[in-house]
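Biologist: Could you pick one part of this model and walk me through it closely, with its surroundings and its charged partners? I would like one connected account rather than a list.

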Amino acid sequence: MMAFMDNNFLLTNETAKALFEEAKNVPIIDYHNHLNPKEIYEDRCFDNIAEVWLGGDHYKWRAMRANGISERFITGDGAPFDKFVAWADTVQNLIGNPLYHWTHLELQRYFGIDIPLNPDTAKEIWDKCNAMLRTKNYSVRNLLKMQNVSVLCTTDDPADFLEWHKKIREDNFKIKVLPSFRPEKAMAIEKPEFSDYIENLGDVSGCQIKDVDSLIKALKIRLKFFVDNGCRVSDHSLEGLFFVKSSKNEVNRIFKKALAAEFLKEEEIAKFKGYILTELGKEYAKAGIVMQLHIGAIRNNSRRFYELLGADAGFDAMADFSYAPQLASLLSAMDETDELPKTILYCLNPKDTEMLAVMASTFCSNEASIKGKVQLGAAWWFCDHKNGIERQIEAMSDAGLISTSVGMLTDSRSFLSFPRHELYRRILCSKIGTWVESGEYPDDISYLRTLVKRICGDNAIEYFGL
């Protein structure tokens with residue numbers, strides 16, 4: 001029997017163990033997360049482990065609800081220690097769940113705690129973690145340093161002034177904290193708050209937005225501002241129908257209907273979004289910005305809890321729709337004029353993994369020697385577990401080149417989430433080791449070490465222009 005999450009955790013063969021010695025020391029480039037730059041600048045210290053673990057983690061909230069925990073001890077007014085005990089009880093029941101691995105990697109890597117978390121050990125772990133968290137050594141910046149983080153890309157609205165990113169840069173913090181351009185609200189034409197957002201975007205950009213041309217102009221102004229402040233990546237969430245080919249005149253008509261709060265058909269919404277996505281993609285290509293497309297979430301499914309807690313509270317799910325023709329048309333619309341940017345495709349429903357891997361390889365042709373110009377992204381959200389990571393690695397290898405992958409990300413709001421990179425690296429090394437030891441690839445350890453170093457960090461540096 002193997003020891004519980006010891007040094008050889010998930011390293012199933014000798015080649016994997018040798019490769020992980022290389023992978024584990026590669027600095028982390030976390031090119032997609034939802035961390036708060038204000039908290040990084042202010043170098044926040046947390047009062048207790050419940051605050052840092054349970055304060056906004058909807059992954060954990062979902063698990064606690066499934067374990068029958070009262071909402072009072074999840075998002076309610078329960079005492080922090082009682083919430084932690086409720087989480088400890090849930091953890092003990094998480095066999096096979098990635099949250100079990102994440103929780104114990106975080107206890108090991110940040111706090112040196114090797115014992116499993118359960119109701120019997122909760123008080124001991126609570127006391128030990130809290131004693132450390134309340135010292136300056138466990139401030140937000142030092143938590144990032146502990147995991148050898150090199151670059152962070154937060155997720156930011158085009159109307160954001162990026163004041164905290166500027167202050168972090170002026171503070172000479174050695175970890176790069178860069179903004180990402182996420183124009184989701186500028187594309188959410190179906191939302192009742194859309195016209196108010198457009199007015200605000202116009203004020204911030206100094207551009208009166210009255211038609212699609214002026215909207216694109218405003219977004220270009222904000223994109224330049226983001227690029228001037230270190231932005232290297234954009235992010236889009238695509239849900240449902242997102243691309244129907246249309247003319248600018250028709251999109252203008254649809255845009256003006258939205259500003260007048262008139263009813264929009266689903267196809268009209270898709271025409272607008274597809275047009276804006278295409279135009280923005282061309283701007284990303286000019287600026288050397290990577291376009292991330294996160295596809296397939298169906299959000300806020302519990303109306304009762306959406307009204308009670310708002311968005312991002314653990315009530316989202318995988319959508320189930322076929323979108324390959326839409327995606328092919330979207331990518332082709334940019335590629336027709338050779339203005340397709342570097343693009344990363346993520347699926348939330350695992351059934352789309354292989355489709356995206358093949359779709360990505362269809363659009364990789366370029367004369368700029370960009371490796372993996374369009375590629376299947378890391379296992380995302382509900383796929384971010386051992387099986388999902390293995391499937392992503394296999395799909396990218398089957399349909400393209402895993403050697404061009406830009407590796408892992410956290411997609412997290414937690415400052416303790418960075419051991420997820422370690423989990424990915426262990427699984428990657430084990431997969432490569434299995435191929436080697438089964439005779440499917442030569443035992444060229446020198447090249448293989450270079451390969452895992454590229455996937456875990458060097459590819460991202462080159463791909464994102466860092």
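Modeller: Happily; what follows is a close look at helix α18, then at its neighbours and at one other helix.

Please keep in mind that this is a predicted model, in which local features need pLDDT of at least 70 and side-chain atom pairs count only at pLDDT 80 or more, while totals for chains, interfaces and linings use all residues. Residues are numbered from 1 along each chain as its sequence is written, and side-chain values use heavy atoms, with hydrogens and water left out.

Helix α18 spans residues 386–399; helices here are DSSP runs of H or I with at least four residues, strands are runs of E with at least two, and both are numbered from the N terminus. From first C-alpha to last, the 14 residues of α18 reach 20 Å, close to the 20 Å expected at 1.5 Å a residue (the expected span is 1.5 Å times one less than the number of residues).

Which residues of α18 are buried? They are Gly388, Ile389, Gln392, Ile393, Ala395 and Met396, where buried means under 20% relative accessible area, exposed over 50% and partly exposed in between, with a 1.4 Å probe and protein chains only. Because these buried residues cover an arc of only 165° around the axis, they sit on the same side of α18; the arc is that of the directions from the helix axis to the C-beta atoms. Asn387 and Asp398 are exposed on the other side of α18. The cover over the buried residues of α18 includes α17 (353–362), β10 (374–376) and α19 (419–437), with contact meaning heavy atoms within 4.5 Å.

Helix α17 also has a charged link to α18. Arginine 391 forms a salt bridge with glutamate 354, their closest N and O atoms being 2.8 Å apart; a salt bridge is a side-chain nitrogen of Lys or Arg within 4 Å of a carboxyl oxygen of Asp or Glu. This pair links distant parts of the chain, with arginine 391 in α18 and glutamate 354 in α17, 37 residues apart. Arginine 391 counts as partly exposed at 32% relative accessibility, and glutamate 354 is partly exposed as well, at 36%.

Helix α19 holds a salt bridge of its own, in which the side chains of glutamate 422 and arginine 426 meet at 2.8 Å, N to O. These two residues are 4 apart in α19, so about one helical turn separates them. Glutamate 422 counts as buried at 13% relative accessibility, and arginine 426 is buried at 3%. In total, the structure holds 36 salt bridges.

For a contrast, look at arginine 222 in helix α12 (residues 212–228). Arginine 222 is buried yet has no salt bridge, and aspartate 160, the nearest side chain of opposite charge, is 6.6 Å away; Lys and Arg count as positive and Asp and Glu as negative, while His and the chain ends are not counted. Leaving out residues up to four places away in sequence, arginine 222 touches Pro158, Ala159, Asp160, Phe161, Phe181, Leu201, Val204 and Ser205. Alanine 218 also lies in α12, and it is buried at 0% relative accessibility. Leu201 and Ser205 are among the residues that alanine 218 contacts, again setting aside neighbours within four places in sequence.
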